[in-house]
Amino acid sequence: MRAREDRYERHEAASKPQPWIVLKMVVFITLGLIGYAAYVYVALLVLPMIQRRRGAEASRETGIGLLVGFAVLWLWTLWAYVVVVVTPPGYAKDYVQKTGKPKLPQSPAFSAPRHTIGGPSYEDMQAMLVTPQPQIPATTIPRPSAVERTTSVMTVKSISMQSGRSKSNGTTSGIKFDSGEMMNGNPSTEEAREAESSYSENEQPNGESRASLSLRGILNEDVEAQVAKPSETSGGWAKWLFCCCWWMDSGDVAKPRTYIARRPPTTPVLEPLHRYCDKDGFLKPYRAHHCRNCGTCVLKYDHHCPWIGQCVGARNHKFFLNFCQAAFFCTAYIIGTMVPYTVKGFTERGADVNPQQLVIVALSALFALFTFSLTVTHIYMIMLGQTTVENMQIQTMKRREDGQLGKAFKWWEFRGKRQMLKEWNREWGSLDKEGNIWWIGGRRREWEAVMGKNMLGWILPIGKSPNDGLDYPVNPRFEPSSGRWRRRDEWPEELR
């Protein structure tokens, strides 16, 4: 409730950027730490060696060599940091004019055709809780007798009703499997009508439409296992026999006994209504997001970094990675060279060790771990054509699918989970690549789209990113107008 209040009810406060001193305070702290590290390393460790002072921890030649290596890495770090601080990420307000908010379509909400992939997306379910829905007669919702394996799902509730009705009529199980597809027991017309009427009465007890079901009901029905397994209607021996057969089956050829449909979000992210920024009052370019700290929309928004006093976006993403690389090598050099001589100073007689050297070693270890993780993470995401925000969205969907597989399969059926995921990827593609709307294909292409083609610019803060942050090609596996993910059989022929 507090998060909802901060997001919606405090609109005016959220649209204002933080004070300049608050945004830039950490920049001065970081510059102070860089200068303090140089003071301790040069004045307290290297200079006594060069001047051959009493208590120096190494010879003059060693001190000169350490100083040269440190100076190169320290200047590289300082240069990269200054460049990333003074280079703005690119703000949409400098290139986009203010416009009125696009109007909602006149047709009833959620009446537009969607991919039949097992129900509405989480975004639509959230909106259904707060948007009045038109009353739709139950008879207008067809109840097919056959559910396609790759296009729809059947809830546990409806399955239990139909299988129970079949058993009461003296027939066998109401569900059978045929070539990986789930089929009803081919009931007669009377039974089909009765089942459809029972479905409408039981799932809509208050006469409401399906679109107005509560979020809890939708989650409980659609996230559970969608198809009954043989082990659910058999005894203990049948369960063990089923598990043994499942284990001995071929993992690459056999199709999973239990099928649940992948349900990617169906929000039309490219439509103007979903790209309009209420705070700035204009239509955001592709991949632009509003930063609450800066109080405006940032081109190709990655994240807000307090260490550089601004956001990481299209114009400075390259320089941010350059700084992370330089900072890691510099701090690693400080640790690798200072620790042995500091330890030597504590163990040998006559050596003079300043406690400030221990402070710099501890700070260097902290920043080395921090910048190394940032470097590896951003290299990985750049090669996949993702920003931090986009990667979080994909990870959220992965966790949601893990939860679906965890409820559809037992804990020991990890092979079935793996086969189900392979089936999803054969039908839709992988989430990290084909499921990324901004993936252009190829790690080298994605890398050069951010870091440029000059290999020297991959580590030094020179040049700039080839893209200006205003225009990005859409993955052809998505609908170009709405941005909805399509199945593999709907992709262009050359991409299938």
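Met381 is found in helix H12, and I start with this residue in what is, I should say at once, a predicted model. With a relative accessible area of 4%, Met381 is buried, because anything under 20% counts as buried. If we leave aside the neighbours within four places in sequence, Met381 is in contact with Gln386, Thr387, Thr388 and Asn391. There is also a residue from further along the chain to look at: Met381 and Asp432 are 51 residues apart in sequence, while in space their C-alpha atoms are 9.5 Å apart.

A second residue can be read in the same way, and that is Val46, whose place is in helix H3. Is Val46 buried or exposed? Its relative accessible area is 0%, so Val46 is buried. Not counting residues up to four places away in sequence, Val46 touches Tyr41, Gly63, Leu66 and Leu67. Between Val46 and Ala58 there is a separation of twelve residues in sequence, and from C-alpha to C-alpha these two are 8.7 Å apart in space.

Let me now step back to the chain as a whole, which has 15 helices and nine strands. Of its 496 residues, 43% are buried. If you take the contacts between residues at least 6 apart in sequence, you find that 73% of them join residues at least 24 apart.

Next I come to the empty space inside the model. Rolling a probe the size of a water molecule over the atoms shows where empty space is left. How many cavities of 30 Å³ or more are there? The count comes to three, and the largest cavity has a volume of about 330 Å³. This largest cavity is lined by 23 residues, and the closest to its centre are Leu33, Ile34, Ala327, Thr331 and Phe367. Four elements give two or more residues to that lining, namely helix H3 (20-50), helix H4 (60-86), helix H11 (317-347) and helix H12 (355-383). You will recognise two of these helices, since H3 is the place of Val46 and H12 is where Met381 is found. As for the character of the lining of the largest cavity, it divides into 18 nonpolar residues, five polar residues and no charged ones.

Two helices later in the chain deserve a careful look, and I take H14 before H15. Helix H14, residues 414-427, has 14 residues and reaches 20 Å from its first C-alpha to its last, which is close to the 20 Å expected at 1.5 Å a residue. The buried residues of H14 are Arg415, Gly416, Gln419, Met420, Glu423, Trp424 and Glu427. Just after H14 comes Gly429, which takes a positive phi of about 105 degrees.

In helix H15, residues 443-451, the buried residues are Glu446, Trp447, Glu448, Val450 and Met451. What covers these buried residues of H15 includes H11 and H12, and both of those helices also contribute two or more residues to the lining of the largest cavity. H15 is followed by Gly452, whose phi is positive, near 90 degrees.

This brings me to the backbone angle phi more broadly. Most residues other than glycine have a negative phi. Which residue in the loop between H3 and H4 has a positive phi although it is not a glycine? It is Arg52, with a phi of about 55 degrees, and at 59% relative accessibility Arg52 counts as exposed. Lys300, too, has a positive phi although it is not a glycine, of about 45 degrees, and Lys300 lies in the loop between strand S7 (296-298) and strand S8 (303-305). Here the setting is another one, for Lys300 is buried, with a relative accessible area of 9%.

I finish with the cysteines. How many disulfides does a search of the whole structure find? The search finds zero. Cys294 is in no disulfide, and the nearest cysteine sulfur, that of Cys311, is 3.4 Å away; a pair counts as a disulfide when the two sulfur atoms are within 2.5 Å, so this pair does not qualify. Cys294 is buried, with a relative accessible area of 13%, and Cys330 is buried as well, at 6%.

Definitions and conventions. Residues are numbered from 1 along each chain as its sequence is written. This is a predicted model: local features need pLDDT of at least 70, side-chain atom pairs count only at pLDDT 80 or more; totals for chains, interfaces and linings use all residues. Side-chain values use heavy atoms; hydrogens and water are left out. On a 1 Å grid over the protein atoms alone, a cavity is a set of points where a 1.4 Å probe fits but cannot get out, and a pocket is an open set with protein on both sides within 12 Å along at least five of seven lines; lining residues have an atom within 4 Å of a point. Grid points are joined across faces, edges and corners, and a volume is the space filled by probe spheres set on the points. Ala, Val, Leu, Ile, Met, Phe, Trp, Tyr, Cys and Pro count as nonpolar, Asp, Glu, Lys and Arg as charged, and the others, Gly among them, as polar. The expected span of a helix is 1.5 Å times one less than its number of residues. Buried means under 20% relative accessible area, exposed over 50%, partly exposed in between (1.4 Å probe, protein chains only). Contact means heavy atoms within 4.5 Å.
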